[in-house]
Amino acid sequence: MKIAILSQDGSLYSTRRIRQAGEQRGHEIEIIDYLRCHISLSSQSPTVICEGRYLTEFDAIIPRIGASKTFYGTVIVRQFELMGIFTLNESQAIARSRDKLNALQSLAKEKISLPKTAFANSVKDIDSLIEQVGGAPLIIKLLEGTQGMGVILAESYQSAKSIIEAFQGLNIDILVQEFIHESNGEDLRCLVIGDKVVAAMKRISNPGEFRANLHRGGRAENVKLTTEERNMAIKSAKVMGLKLAGVDLIRSHQGPLVLEVNSSPGLEGIETITGIDVSDKIIECLEKNMIKRKTQKMQDKI
């Protein structure tokens, strides 16, 4: 197959590893900077153009869309979909997972356990917001953020109120979430490909830091998931519509809770910690889906 990896930077670990895995499995892999692409809309022949070149020759794409470029990235992915080119994660699923509130609402609809979460528009509702999540300390999150950025721990009622008022005054949308004391600054990253958790690690925050993200200086170690945790991660990715997802869980007294579902999970940490060739499994998943797609097309012709 000829596969395009949509990535802003071909030198990134995840992009390099996916390319390497694809080439080792005999595919032709090209890295395309989706920010250098533009589209031509036509009901007859929708196209994606990159630096004067019409990108029509690909069998499939693997999107690696940066969180801050979600809107434009999903426009390009959607255009490839209109052209009939298979995408490992579809544009709608990427957009749904990136909107934290939409994602949590979708997960809640399917009865997936979450930390208590509240959202409001008016400063008049701040007291109720804080009350709904069990009071301070509590977590305040920007609706768009990644790698732990835009996540704040408010340790007291007054600091929570001041932070919320400041964000609302700037017309910045935030959600408020309960703080899970017993997690002790730890969370679980589950890498879901297709309908399986192929790798998992526990992330542990540094002393004095509540965020366990590796980009925030946390460390990671191997972890054995419970059946409930594994099933929750798989179901969460399915609800988002993602074939490739990083599902973040937290352990609590009431059982595992989903924090977030990431459509472009980083691979360096989890491959290093677990020793599992996740990149190879991504290409394998793409191959299986392409075979399934071709079989379906043949059946439709009969």
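This passage walks through the cores, empty spaces and backbone oddities of a predicted model.

It makes sense to begin with the packing. In soluble globular proteins, nonpolar side chains tend to be buried together. Here the largest nonpolar core takes in 27 residues, and those with the most contacts inside it are Leu107, Val247, Val258 and Val261. Two or more residues come from each of helix H4 (100-109), strand E12 (186-193), strand E13, helix H7, strand E15 (244-252) and strand E16 (255-262). H7 is the top contributor to this core, with 5 residues. Val258 gives a good feel for the surroundings: setting aside neighbours within four places in sequence, it touches Leu107, Ile112, Ser113, Leu114 and Pro115, and also Met232, Ser236, Val247, Asp248 and Leu249. There is also a second, separate core, this one of 24 residues, with Ala60, Ile62, Leu267 and Leu286 among them.

Leu286 leads on to helix H9 (278-301). Its 24 residues, at 1.5 Å a residue, should span 34 Å, and the end C-alpha atoms sit 35 Å apart, so expectation and model agree. An α-helix has 3.6 residues a turn, so residues three or four places apart point the same way. The buried residues of H9 include Val278, Ile282, Leu286 and Met290, along with Ser279, Ile283, Cys285, Glu287 and Asn289.

H9 turns up again at the second largest pocket, where it gives the most to the lining, with 6 residues. Strand E13 (196-204) and helix H7 (227-240) each put in at least two residues as well. Those two elements also feed the largest nonpolar core. The pocket holds about 450 Å³ of space. Of the 16 residues that line it, Ile193, Gly194, Asp195, Lys196 and Cys285 lie nearest the centre. Cys285 is one of the buried residues of H9. As for chemistry, the pocket lining splits into 8 charged, 6 nonpolar and 2 polar residues.

Next come the enclosed spaces. Rolling a probe the size of a water molecule over the atoms shows where empty space is left. With a threshold of 30 Å³ or more, the count is 1 cavity. The largest cavity encloses about 80 Å³. Its lining is made up of Ser97, Lys100, Ala103, Leu104, Leu107, Lys141, Leu175, Gln177, Leu259, Glu260 and Val261. Helix H4 supplies the largest share, 4 residues, while strand E11 (174-178) and E16 are also down for at least two each. Sorted by class, the cavity lining has 6 nonpolar, 3 charged and 2 polar residues. Leu107 and Val261 do double duty: they line the cavity and are among the residues with the most contacts inside the largest nonpolar core.

Finally, a few backbone details in the loops deserve a look. The peptide bond between Ala136 and Pro137 is cis, with omega at about 0 degrees. Pro137 sits in the loop between helix H5 (126-132) and strand E9 (138-142). Two residues other than glycine have positive phi: Lys111, near 65 degrees, and Asn171, at about 60 degrees. Lys111 belongs to the loop between H4 and strand E8 (117-118), and Asn171 to the loop between helix H6 (157-169) and E11. Are these residues buried or exposed? With exposed meaning over 50% relative accessible area, Lys111 is exposed because its value is 73%. Asn171, at 72%, is exposed too.

Note on methods
Residues are numbered from 1 along each chain as its sequence is written. This is a predicted model: local features need pLDDT of at least 70, side-chain atom pairs count only at pLDDT 80 or more; totals for chains, interfaces and linings use all residues. Side-chain values use heavy atoms; hydrogens and water are left out. On a 1 Å grid over the protein atoms alone, a cavity is a set of points where a 1.4 Å probe fits but cannot get out, and a pocket is an open set with protein on both sides within 12 Å along at least five of seven lines; lining residues have an atom within 4 Å of a point. Grid points are joined across faces, edges and corners, and a volume is the space filled by probe spheres set on the points. Ala, Val, Leu, Ile, Met, Phe, Trp, Tyr, Cys and Pro count as nonpolar, Asp, Glu, Lys and Arg as charged, and the others, Gly among them, as polar. A nonpolar core is a set of buried Ala, Val, Leu, Ile, Met, Phe, Trp, Tyr and Cys residues joined through side-chain atoms within 4.5 Å. Buried means under 20% relative accessible area, exposed over 50%, partly exposed in between (1.4 Å probe, protein chains only). Contact means heavy atoms within 4.5 Å. The expected span of a helix is 1.5 Å times one less than its number of residues.
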